[in-house]
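Work through the following exercises with the sequence and the coordinates at hand. Each task is followed by a solution that goes step by step.

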Amino acid sequence: MLAMKKREGYEIPIHNMIKNPQQIEAIRESAKRNIEILDYVSEHIKEGMSTEDIDCLVVEKTKQLGAIAATLNYEGYSKSVCTSINNVVCHGIPSKTQILRSGDIITVDASTIYNGFFSDSARMFMIGDVKPEVERLVRVAKESLEVGLKQVIPWKTLGDMADAINQFVKKNGYSVVREIGGHGVGLEFHEEPWVSYVEKPGKGMVMAPGMIFTIEPMINMGKAAVVMDREDGWTVYTNDGLPSAQWEIMVLVTEDGHEVLAY
Ligand code: MF3
Ligand code: CO
């Protein structure tokens with residue numbers, strides 16, 4: 001019998017994943033507002049505040065900038081930001097009864113629409129005295145973005161970027177969440193490609209100039225497994241109850257490397 005060799009090629013981006021210069025400029029403008037919103041949160045976030053207070057800060061600043069929060073009414077989500085504390089991996093919903101305490105770590109994830117163009121980034125904050133081992137988790141999560149960014153070079157693949165992050169995280173004794181990833185962004189909130197951070201080198205979509213996507217690995221101190229809140233249908237927790245960390249940046253692939261649009 002004749003053995004057929006499977007033809008293997010590279011996955012390449014479809015037309016609207018490649019942004020033209022006008023679109024890139026408009027998305028840059030959106031990202032500038034997104035950064036301003038997170039700067040505003042950075043200036044005001046403090047111990048004793050509720051996560052609902054953070055939502056209020058985002059609502060206030062977004063309005064002042066003439067922008068719209070992309071998460072508000074997105075698939076039934078009712079707030080203008082996601083606030084994920086300690087063992088919450090992502091998509092924590094702001095609440096009046098959830099108070100920031102000394103020792104907490106929190107990811108504030110803001111998504112912004114400006115003139116119809118989308119931007120998305122997240123920062124972490126450490127409240128009061130955070131245990132050194134938790135501080136280290138937050139630091140490694142941030143450093144993992146730099147490690148991934150170094151691989152954002154045209155004609156490499158998303159798997160090259162992902163694997164650099166995954167190996168770095170493993171080396172530090174942590175694990176990368178598999179089920180939830182990043183995404184293309186700009187013309188829509190969540191566009192293709194879906195961006196995994198556990199993909200193998202050389203696999204996944206080719207990074208072509210003009211693509212814009214997020215780098216936002218969720219890094220668990222313990223095991224990678226996550227569970228979704230049955231009641232609210234949004235909040236994702238670590239299965240083992242240990243802390244999780246996530247920062248998010250938005251990156252444009254350029255002719256000779258990349259440009260970070262939101263950090
Ligand atoms: N910013 C989040 C992301 O990176 C948005 C999640 S959708 C929400 O994809 F509705 F939960 F906010
Ligand atoms: Co995102």
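## Exercise 1: a salt bridge between strand and helix

R123 counts as buried, with a relative accessibility of 12%, in what is a predicted model.

Task: Establish which residue R123 meets in a salt bridge, and classify that partner as buried, partly exposed or exposed.

Solution. Begin with the contact itself: the side chains of R123 and D39 meet in a salt bridge, with an N to O distance of 2.9 Å. Next, place the two residues in the fold: because R123 belongs to strand β5 and D39 to helix α1, the pair ties together parts that lie 84 residues apart in sequence. Then apply the accessibility classes, in which buried means under 20% and exposed means over 50%. R123, at 12%, therefore counts as buried, whereas D39, with a relative accessible area of 32%, is partly exposed.

## Exercise 2: salt bridges within helices

Task: Examine the pairs E25 and R28 and R139 and E143, and determine how many residues separate the partners of each pair.

Solution. Start with E25 and R28, whose side chains meet in a salt bridge at 2.6 Å, N to O. The two are 3 residues apart in helix α1 (residues 21-44), so about one helical turn separates them. E25 counts as partly exposed at 35% relative accessibility, and R28 likewise counts as partly exposed at 25%.

Turn then to R139 and E143, whose side chains form a salt bridge at 3.9 Å, N to O, which falls within the 4 Å cut-off. Both residues lie in helix α3 (residues 132-149), 4 residues apart, or about one turn of the helix. R139 is partly exposed, with a relative accessible area of 46%, and E143 is partly exposed as well, at 33%. As a last step, look for shared partners: salt bridges of this kind join E25, R28 and E259 into one network. A search of the whole structure finds 8 salt bridges.

## Exercise 3: the cobalt site

Task: Identify which residues coordinate the cobalt ion (ligand 2), and describe their spacing along the chain.

Solution. First list the donors: the cobalt ion (ligand 2) is coordinated by D120 (OD), H183 (NE2), E216 (OE) and E248 (OE), at 2.1 to 2.6 Å. Along the chain, these donors follow the spacing D-x62-H-x32-E-x31-E. Distant parts of the chain are thereby linked, since D120 sits in strand β5 (residues 117-126) and E248 in the loop between β13 (244-245) and β14 (249-254), 128 residues apart. Finally, consider accessibility: D120 and E248 are both buried.

Definitions and conventions:
Residues are numbered from 1 along each chain as its sequence is written. Chains are lettered from A and ligands numbered from 1 in the order in which they are written. This is a predicted model: local features need pLDDT of at least 70, side-chain atom pairs count only at pLDDT 80 or more; totals for chains, interfaces and linings use all residues. Side-chain values use heavy atoms; hydrogens and water are left out. Donors are N, O and S atoms within 2.8 Å of the metal (3.2 Å for Na, K and Ca); water is not among the atoms, so sites may look incomplete. Buried means under 20% relative accessible area, exposed over 50%, partly exposed in between (1.4 Å probe, protein chains only).
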